[in-house]
Amino acid sequence: MKILIAGLFIVLVGITTISSCNAFEINNYTNNQNAAIEVLDPIDKIEQDCISKTADTQEMNKCTQMAQQLWEKDINKNLAELKEILSAEDYKKLQLSQTSWENYIDKEYGFINSLTSYTQGTMYLNTKEGWRTEILKQRALTLRGYLNTLKK
């Protein structure tokens, strides 16, 4: 029964999300007289292209894990660039922030693992990897934002 309810919840969330997205696209089209064009980050594009080539959930997970590695590289690159720009004092603050974020991600991954342990089916493995990817992506984009602010 719990699995059925969880499945129905996921379907409803998906339908709501799709409906919201479609409403946004229609409004955007109406307002701009042009269809909305989503600009993907190159890492997202690589992941999507990889996923589009398979229907196998294990292969999809590999695509998402590859994206996670790319986001981690982006984080490290951004940190290295910030080190060159920031004062020693501010870089030390950034290092403390990064350490806190790494502690957060460890705990969040632990929770995600626990949460998905209640589920059955390989699609939840994709969900788990997607959540992990989003956490890494948000940190990389935050660090990029800091860089963009400093480079102006």
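A polar contact is a pair of N or O atoms within 3.5 Å; within protein, one atom must be able to donate a hydrogen and the other to accept it. In this predicted model, such a contact is found at the N-terminal end of helix α3, which is capped by D56: a side-chain oxygen of this residue lies 3.0 Å from the backbone nitrogen of Q58.

The protein contains 5 helices and 0 strands, and the order of its elements from the N terminus is α-α-α-α-α. Of the 152 residues, 24% are buried. The exposed surface amounts to about 10800 Å², of which carbon and sulfur atoms supply 59%. Among contacts with a separation of 6 or more, 69% link residues 24 or more positions apart.

Helix α3 spans residues 57-85. Its 29 residues reach 42 Å from the first C-alpha to the last, close to the 42 Å expected at 1.5 Å a residue. Buried positions in α3 include N61, T64, Q68 and D74, as well as W71, I75, L79 and L82. The buried residues of this helix pack against α2 (42-51), α4 (88-116) and α5 (123-151).

The largest nonpolar core comprises 17 residues, and those with the most contacts inside it are I75 and L136. Two or more residues are given to this core by each of α3, α4 and α5, with the largest share, 6 residues, coming from α4. When neighbours within four places in sequence are left aside, L136 is in contact with Q68, W71, E72, I75, W101, I105 and Y109. I75 is thus both a buried residue of α3 and a contact of L136.

How values were computed
Residues numbered from 1 in each chain as written. Predicted model: local features only at pLDDT ≥ 70, side-chain atom pairs only at ≥ 80, totals over all residues. Heavy atoms only, no water. Helix = DSSP H or I, 4+ residues; strand = E, 2+ residues; numbered from the N terminus. Buried < 20%, exposed > 50% of the residue type's maximum accessible area, 1.4 Å probe, protein only. Contact = heavy atoms within 4.5 Å. Areas by Shrake-Rupley, 256 points an atom, 1.4 Å probe, with all protein chains shown as cover. Expected span 1.5 Å × (residues − 1). Core = buried A, V, L, I, M, F, W, Y, C linked by side-chain atoms within 4.5 Å.
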